[in-house]
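Q: I am new to this structure. Please walk me through the reasoning behind the terms used for it.

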Amino acid sequence: MKTDVAVIGTGLSALAAARTVQQAGRQVVLVWPGLSSLYFLFATIDVIGYPTATATESVADPAEAVARLITREPSHPYARAGMDAVHAGTRLMLEWFKEAGLAWQGALNRNFLLPTATGTPKPCCLAPASMTAGDLSRPEPIVFCGFTGYQDFAPELAASNLKRQWGAADVSAIRVTAPGYGPDRLFTSVDLARSFEDATFRDAVAAQLREHVSGDGARVGVPGVLGLTRPGETFAAFQEAVGHPVFEIPTVPPSVIALRLFDRLRKHLQEAGIEIIWAAPAHAAQVTDERCRSVLLKAAGHEFPVEAASYVVALEDWVDGAFRAGVHTVRDPFFHEPITWNKVPTDRTAESLFSTQPFEQVGYALTDRLQPADENGKPLARNVFCAGGAMAGYDPSGTKSRGGMAIATGYRAAREALAA
Amino acid sequence: MPDTSTGVVVIGGGSTGAGVLRDLTLRGIEAVLVEKGDLASGTTGRSHGLLHSGGRYCVNDEQAAIECVEEGRILRRIARSTVEDTGGYFVSVTEEDHEWEPRFVEGCRRTGITCERLSLDEARRREPALSRQVRTVFWVPEDGHLDPFYLVVGNVESARRRGARVMTHTEVIGFLRDGDRLTGVRIKDSKTNEEASIACQSVINATGAWSGLVARLLGVEVKVVPVKGTMVVLSRRLAHAAINRCHKPGDGDIVVPGLSVSILGTTSAKVAHPETLPIEWDEVRRMIEEGAMMLDGVTTARAMRAYAGVRPLYDLGAEAEGREMSRNFAVIDHQVRDGITGFTSIVGGKVTTYRLMAERVVDVAARHLGVRTPCTTAEVPLNDREEPLDQLRHRPSLLGVPKPHGDEPPLQPLLCECELVRPQDVAPWLKDPAVRDLEDVRRRTRSGMGPCQAAICSYRLAARLVSDRGLDGASATRAMADFLETRWRGVRHVFWGSQLRNMQVTTGLHMELYNVDRELMLQHSPPPLAGEGQGGGRGAEPAEVGAQR
Ligand SMILES: Cc1cc2nc3c(=O)[nH]c(=O)nc-3n(C[C@H](O)[C@H](O)[C@H](O)COP(=O)(O)OP(=O)(O)OC[C@H]3O[C@@H](n4cnc5c(N)ncnc54)[C@H](O)[C@@H]3O)c2cc1C
Ligand SMILES: Cc1cc2nc3c(=O)[nH]c(=O)nc-3n(C[C@H](O)[C@H](O)[C@H](O)COP(=O)(O)OP(=O)(O)OC[C@H]3O[C@@H](n4cnc5c(N)ncnc54)[C@H](O)[C@@H]3O)c2cc1C
């Protein structure tokens, strides 16, 4: 198999890189080692939510905050990707979402502030349209609505926390019954999402909401389960039936909001004839004369090479399982380089779970062109470029910047790959 | 916290204190148990979980071995729901082990431990994971797995049903006395720092490794040496039965299977204080290496966490140190020894022999109280519906798993998928005033003890703290975060492979999807979004879950 660019990874950075190559009119193959956190965890694209990992004041203008970060920290992944890539990558993705029929909203010069399932406000830059009515810059009262027996969204918890943090208006909690579901039945968000595509089910839920929510312009926050394969029409029909603005709140894995995005983009690429190789972990890069000639994949029972003029390695830190952490050494699946070495495994962690973690920062050292580099800064191969979580040196959890960095670096790595 | 009074105050909520409370209650003596942490949060919940057949002690400590044999048989009768009847093997690996064999066989014979030598083929047929290095195998059917959490909770609940009271997260900080007579204890709520007194006629000090510290509050001496041991939990069960090295007791020489996991252990090092429990990497590494000498799969299995506990070794005054000291226990009648009426200490022992220890110390205390009712704990089961542990848990009918074509009820929801804990298993504990944080719920239900280490169930539990217990969001979120942090502390020591990968899901979920890190930070600063004079309660509630009193 031969192609212009092979993109290896499943996350947002891999998708951004693939789309970049596709838009440039060149041939791309996507190799997915395993499912990423995008698939089951995330819901919004966070460009930068807080200026630092410990700041409590959220960022109002992400573009400006990223520009400042770039000046302050010249080796930050955002700095390596460059401000142009932040803008171009974001534009590319928003256009893609639109073309793929995904209704998303947001722009680089402002953050939404959306309540999470714990009721904590969280800044994010781009979000599905079905979430944005929850924006806390708007003053309308909020009614959180959960379902009897559904454990992954607790309106009482969310209301209590938001009430304390957000003084602008009333916050309250109700629970309604989802027909056929209850405390004595095992079900997940995905089951509910399927049921919401059924008009009778939807209307039965909406009728209860109409009854409980008074007509004073309140908006209703529900768990992110409003449809799986036809979310747009499901959401519109439900909102109409409720008679109030409705917004979704993402829940624990499986996050339906993440599933929708991922599945739609995947199908859209496939519809455009782009080849995706599933569940085939890469396990070696063949490098001669400083160039990667092929990447060997392992699929059920056999091994086969993917040959490309250049490669984008868009792995996640850990969730997709591409990096292997031994007791002391972490190795990558291509060059088998020791990415890090730890005397004791505890050194990979911070004392508190809720602080910046060394293990989240594990990844390739990079050249200015985003090539994985050895310890002297020399590229491991001239035609391999790196994006997303596989880059060393940052933990986006505290600043809430995983999505933005994935897109900017995915875009930039793909541009480099096209030029290589 | 109001002052109160009772007949006997039991200090310590480990296996010993729980056994004492139940024994007193069965003899009709009014009693209150006071525990500074939670039930089984001391050594008992940090032990290895082996129901000792006695095989480990039969060469060096015959008395201890005989006690284990007898108590093991009793527990299988009265506490079946806490025992998994796995049986055990003693295996030889090295030449030195080989030389120990005749002494082991002779020790078993002398102490009445059933022991049968198996051919290697037969042993491998039964335990395919036995390593190639194993040369000799003895089958010891009376080894087992004892769930220390269930055991303590089972004893305490049995006593509570008969009128006993229990105060968790309450520390004894001093004694009330009238000359040489003890008249009560001063207590302090560990979460709110409120103080009060309990008047009583008698106090039993069952604080294990802390018993010297507690006795010192009264100015008397009890010599215990805190000896630390570290264990590693693997997410898979590698063997059906407990695997012991057949040699002089040493480090890392037992692998205990418990339900779905295997626990490797343990080490032995004197520490300065029972709460000084650092886990060293070298200990973790050694547990894995030693375990791998007996069982295949130890190095490749997923390590979930490491934990450590301190043995309350009673210093008989001998020169012996660490493992050479006796596992036996001592009852100290301070009236006889120190001239203080109404104070008795019980030190040493094992979880396996908790019942016997309780019987002995209550015999002494009851005699001073003039109570002649004999002990009945060897006959009266912990609860009416005693079923073996392995049948009680993971039983498909409990979960309503439907038959292919039957009219069985639909699948029941789970609160903790890893450990198959249902919402109704958790619900009663959330109403119990003795349960004051999510760790307390974990010890009673196993929620959060599976591979994901509470990543998912912590939110569901926090939700229930609000809906079932009426907590505000700030306290519930704080309880969720504290629970995750406590789980995190044990995971950090085995941070590689799948467990590392899993933890990125935890941080992704709690920091990026829920933004819990900011929730915690904001609890310590005024709400940034609050308008003038609005915005509900400001500032953080105390971390404590229940404001019960
Ligand atoms: C038989 C058995 C089976 C087990 N099976 C599993 C399993 O399947 N899965 C699993 O995840 N875990 C299992 N465990 C381990 C268990 O989850 C805990 O690790 C263990 O109960 C110790 O608690 P911890 O790790 O929270 O303690 P730590 O993290 O050490 O401490 C928790 C808190 O207790 C305080 N503390 C420290 N030392 C003491 C002390 N000596 N006494 C009182 N408080 C102290 C600390 O300050 C801290 O606040 C098992 C344990 C046993 C005994
Ligand atoms: C590493 C290790 C492995 C072990 N493995 C096994 C095994 O496999 N099988 C077995 O049978 N035995 C085993 N043991 C031995 C066994 O765990 C202990 O002997 C037993 O748990 C002691 O129980 P206890 O109730 O006396 O002490 P603890 O469980 O420590 O209870 C004492 C309690 O007193 C409380 N306390 C202390 N001070 C105060 C105060 N001032 N006020 C109120 N409360 C206070 C503490 O918080 C603590 O909870 C093991 C021990 C260790 C250390």
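Q: What makes the pair formed by B:Pro274 and ligand 1 a polar contact?
A: A backbone N or O atom of B:Pro274 lies 3.4 Å from a nitrogen atom of ligand 1. A polar contact is a pair of N or O atoms within 3.5 Å; within protein, one must be able to donate a hydrogen and the other to accept it, and residues adjacent in sequence count only if both atoms are side-chain atoms. This pair therefore qualifies. A polar backbone atom of B:Met449 is 2.7 Å from a nitrogen atom of ligand 1. The side chain of B:Arg489 has an N or O atom 3.2 Å from an oxygen atom of the ligand 1 molecule.

Q: How do you know what the values rest on?
A: This is a predicted model, where local features need pLDDT of at least 70 and side-chain atom pairs pLDDT 80 or more, while totals for chains, interfaces and linings use all residues. Side-chain values use heavy atoms, without hydrogens and water; residues are numbered from 1 along each chain as written, chains are lettered from A and ligands numbered from 1 in written order.

Q: Why is B:Gly45 counted near ligand 1?
A: A residue is near a molecule if one of its heavy atoms lies within 4 Å of it. 26 residues surround ligand 1, and B:Gly45 is among the closest.

Q: What makes B:Ile187 a contact of B:Met167?
A: Contact means heavy atoms within 4.5 Å. Leaving aside neighbours within four places in sequence, B:Met167 is in contact with residues including B:Ile187 and B:Val32.
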